[in-house]
Amino acid sequence: MMNTRNNEGKNSALARKAGKKRKASYGMKRSTRFEKIYLGIIFFLMYLPVAVVIIFSFNESKLPVRLTGFSLQWYEKLFADSAMMEALVNSLILGVASCAVSAVIGTLGAVGLSRIHWKTKGALEYISILPLMIPEIILGMVLMAFFYMLNLPFGMLTLLIGHTVFCIPYILMEVKARLVGMDPSLEEAARDLGATSMRAFFDITLPLIMPAVASGSLLAFAMSMDDVVISIFINGPRLSTLPIKVYTQIKTGVTPEINALCTIMLAFTVVILLVYSLIKKLKRKYK
Amino acid sequence: MRGKISRSKSSAKHTHATIGMILPLYIFTLIFVACPLLYMVALSFATPGEVHGVQWIFTLDNYRKILEPVYLNTFVQSFQLAITSTLFITLIGYPFGYFMAKLPAGGKKKAMLLLMLPFWVNSLIRLYGWIIILQKKGLLNFVLKKLDLIQKPLKIMYSYPAIVIGMIYVLLPFMILSVYSSAEKLDWSLVEAARDLGASKAKAFWTVSFRLTLPGLLSGVILTFIPSMGLFFIADILGGNKVVLVGSLIQDQMTRGNNWPFAAALAVIMMILTTLMILLYRKVTNAKEVEGLG
Amino acid sequence: MSDSFLELKDLKKSFTPGEYVLQGINLKIEQGEFVTLLGSSGCGKTTTLRIIAGLEQPDSGSVWLEGKDVTNLEPNERDVNTVFQNYALFPHMNVADNIGYGLKIRKVSKADIRKKVKEMLELVQLEGYEKRKPAELSGGQKQRVAIARALANNPRVLLLDEPLGALDLQLRRAMQLELKRLQKKLGITFIYITHDQEEAINMSDRIVVMNQGRFEQIGTPDEIYNHPKTSYVATFVGNANILKGELVGMDGTVAIRSENIILDENCKQGYSAVVKEKNFAAGQLRVLLVLSDGTEITASRFGMNANIQPGQQINWYFDLKNAVIVDNAKGERL
């Protein structure tokens, strides 16, 4: 029994491979040298600015023109800048907090939505994804006006709410996609075996959607750490986040310190990306 | 059939648990997404008071004000910039997406990764790199001078071209991905068939490949056109104050101009334009599906 | 009140207004019985099962288990367990954790759970599979684990929703025997769902034939097969020919199974017909006949017969005791 099944699997895998090969062998679909060079040039231009930032962050000279020698002085200066460090801490707190809040709301919401057939369901889903579709600037100004009307003090609280608004959709969408592929009878089986709906959720559904919650949260965290446009409307006069700091600094001019800061943020992003792809890999393994 | 059955009315306790799960999302979304948006619409019909105060007297003045030449000009400028940027993005991005789809499977994967990576990098950082390159005493001028191509340094920073470069840079991936996804599905044997039937290379491209990737191109255009009207910080960082976009105007009215109702009216108009674009996008992508079936 | 072991009283259920999936069904089941709900897809058999399990609430009517009304109890509050059609094994738990899940919820001690899991695995002949994940099991093995998991809770009733549907024919036959053996050994009431009449006949004490949310007939396999009460049962269970009674000098509608129709190539006895097609498969010759009023019937017999050719005139007859009147002369159901 097992054997025949395995063979079937192998055969279909072979067939798929063969199919791919056949498809790839169409004569019209061979890349010419010109096309490859074109792709190369555009990729070069895409990465050039990023490379320039990294390279000059380690440069001794203040002018970002000529490489004069390796130095870490800009990093030292950066870490000595207390305002910058404060902004970094703010951003981290904000990122983690908004990510956690939206993970809870978004995950529960996605699971709940998958179970109901209310008439308002479509509308709710649409409105909760809306923050991703309207221009950031409008979301920012709208929240600013609304918070002002509510008399909320501008600061960490308003930032937290604002970031949660645009973080929820990422988690909602990731979890929703995962739930679509999940067998509804799994949770029913748990209830059939004696679990309450609550217990069935924690024992069965939650562990199975956890990878989606994790990757959604990571996305949300990255977006929170990246946001300028919305934050700048609702941060209030005293509180600054890292991206806002970068933004105001860039507007005033180029300093090597910013190069260093950008490089650190880049490294940070790469780390998040690696973790993200790791989660995706684990997810596939689960399936 | 079974799926439907299993999702239907269940016991009361189970339903209560489900309601408990959705409630936070419902409440949060209604209070902090729906209410603010409705508030914005209401605000756009209110009369501006002293120092970002609002008087709740109904007026259409805010919308009328948009028609004043100064502000109308902002819309026109935003549109012009969006059109220019989209044009360049199309010219660069379409061939890129198309060529990328022709790469072998492994190459495609690598190219995709290279393309997606910058998405994750803070767009400010990426733009900042361009400042280093484009500024007066920057890398570009340095290199050009070394090569004796120019005598005086070029003034690209804080100019219209700089903004366009920034826009292209930030939005190009959207176009590429859109074209790529439709070119990827292209049945290349159709192109071969056209050649076999006597079409020249160019003719085969125009009559088969281009037609079939057109939906991807169109959705790419919409995907780049919408944001290019609102990315005020690109104009801000790279353009100085040379070009005022709708986005910059809204920000200005909110923070310095203190005319919130006017800002709200601008936002409402922008929302309407965006919604129209999204509807158009839906139509185009639907058309794409239909074509995929055919 | 109910004095049966399990009783369904006038269950009604609709998912879209006006369209009833269950149109008021009544059923009494005794302790230790193996009852099969037989019907084509969409007949309401899965819904019936889900209502018994508590996964679905009926619009009206009630479910009684051992004299208690359990209609409004949660699935976790009923001594009823289900073997799901697609097994529904928890993919993130190994075999032992799957089987022990119900016991863990009941706060049974770890040692006792381990003992019970071992016992259950022996019962379904999967000793030593404790640490496997569901993904590492074959279809038949998953099936056994799903049964073991449902039985580990010592349910009063075991519900099985087409549990063998995804298996190939050979394995299915083997599992049918095994399930029957299990049921006899444990003495638990089994309610089994299938659309396969052979499966129903092989395993059940009683069969309930369902059609469009109604029970067509309830009876032993023998009654259902040999004495169908309606033309639906006759065709669905016995692949019988349905013809107007007047054609053969009887009242109402008559059902005759193909193997009971005897062919006479010499046209001496019985009624005349024309051979339309013939087909030989699995040791059986099947002949499609067209009667004088245009009705088509099938006759089958073992062995090949080269003499019968399409287009030829032929006579057919049957033994009266093999014909069943399913509807009376007025067309009403008996």
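Here a biologist and a modeller talk through a predicted model, chain by chain.

Biologist: Let's start with chain A. How many helices and strands does the secondary structure of chain A come to?

Modeller: Reading from the N terminus, each element in the run of chain A is an α. The count for chain A is therefore made up of helical runs as DSSP assigns them. It comes to twelve helices and zero strands.

Biologist: And what percentage of the residues of chain A count as buried?

Modeller: A residue is called buried if 20 or more other C-beta atoms lie within 10 Å of its own. Chain A has 287 residues to test in this way. The share that counts as buried is 45%.

Biologist: Now to the partner of chain A. Which helix of chain B gives the largest share of the side that touches chain A?

Modeller: In this pairing, 75 residues of chain B are in contact with 73 residues of chain A. By class, the chain B side has 53 nonpolar, 14 polar and eight charged residues. The largest share, 20 residues, comes from residues 12–43, that is, helix 2 of chain B.

Biologist: Chain B also has two helices that cross. At roughly what angle do the axes of helix 9 and helix 10 of chain B cross?

Modeller: Two packed helices are described by the angle between their axes and the distance between the axes. Helix 9 (residues 188–196) and helix 10 (residues 201–228) of chain B have axes that come within 9 Å. Their crossing is right-handed. The angle is roughly 145°.

Biologist: Which residues of helix 10 of chain B are met by helix 9 of chain B?

Modeller: From helix 9 of chain B, the residues taking part are L190(B), V191(B), A194(B) and R195(B). By class, this contact between the two helices has five nonpolar, two polar and one charged residues. On the helix 10 side, the residues are A204(B), T207(B), V208(B) and S209(B).

Biologist: On to chain C. How far apart are the centres of domain 1 and domain 2 of chain C?

Modeller: The domain assignment places domain 1 of chain C at 6–231 and domain 2 of chain C at 262–317. Taken over C-alpha atoms, the centres of these two domains are separated by 42 Å.

Biologist: Chain C has an open sheet of four strands. Which strands stand at the edges?

Modeller: The strands of this sheet have the order 2-1-4-5, with antiparallel pairing. An edge strand has a single partner strand, so one side of it is left without a neighbour in the sheet. The edges are strand 2 (19–29) and strand 5 (68–69) of chain C.

Biologist: Which residue of strand 4 of chain C stands opposite E7(C)?

Modeller: Strand 1 (residues 6–16) and strand 4 (residues 60–65) of chain C pair in the antiparallel sense over five bridges. Opposite E7(C) in strand 4 stands W64(C).

Biologist: Which helix of chain C gives the most to the side that touches chain A?

Modeller: Here 20 residues of chain C are in contact with 19 residues of chain A. Strand 6 (80–83) and helix 2 (95–105) of chain C each supply at least two residues of that side. The one that gives the most, with three residues, is helix 2 of chain C.

Biologist: One last question: which residue follows helix 8 of chain C?

Modeller: Helix 8 (residues 231–238) of chain C is mostly covered, with seven of its eight residues buried. Among them are Y232(C), F236(C) and G238(C). The residue that follows has a positive phi, near 50°, and is N239(C).

Key. Residues numbered from 1 in each chain as written. Chains lettered and ligands numbered in written order. Predicted model: local features only at pLDDT ≥ 70, side-chain atom pairs only at ≥ 80, totals over all residues. Domains from an automatic or database assignment. Pairing = 2+ DSSP bridges. Contact = placed C-beta atoms within 7 Å. Buried ≥ 20, exposed ≤ 12 C-beta atoms within 10 Å, placed from the backbone. Axes fitted to C-alpha atoms, helices over the stretch in contact; angles between N-to-C directions. Left-handed = near helix turned anticlockwise from the far one by under 90°. Nonpolar A, V, L, I, M, F, W, Y, C, P; charged D, E, K, R; others polar.
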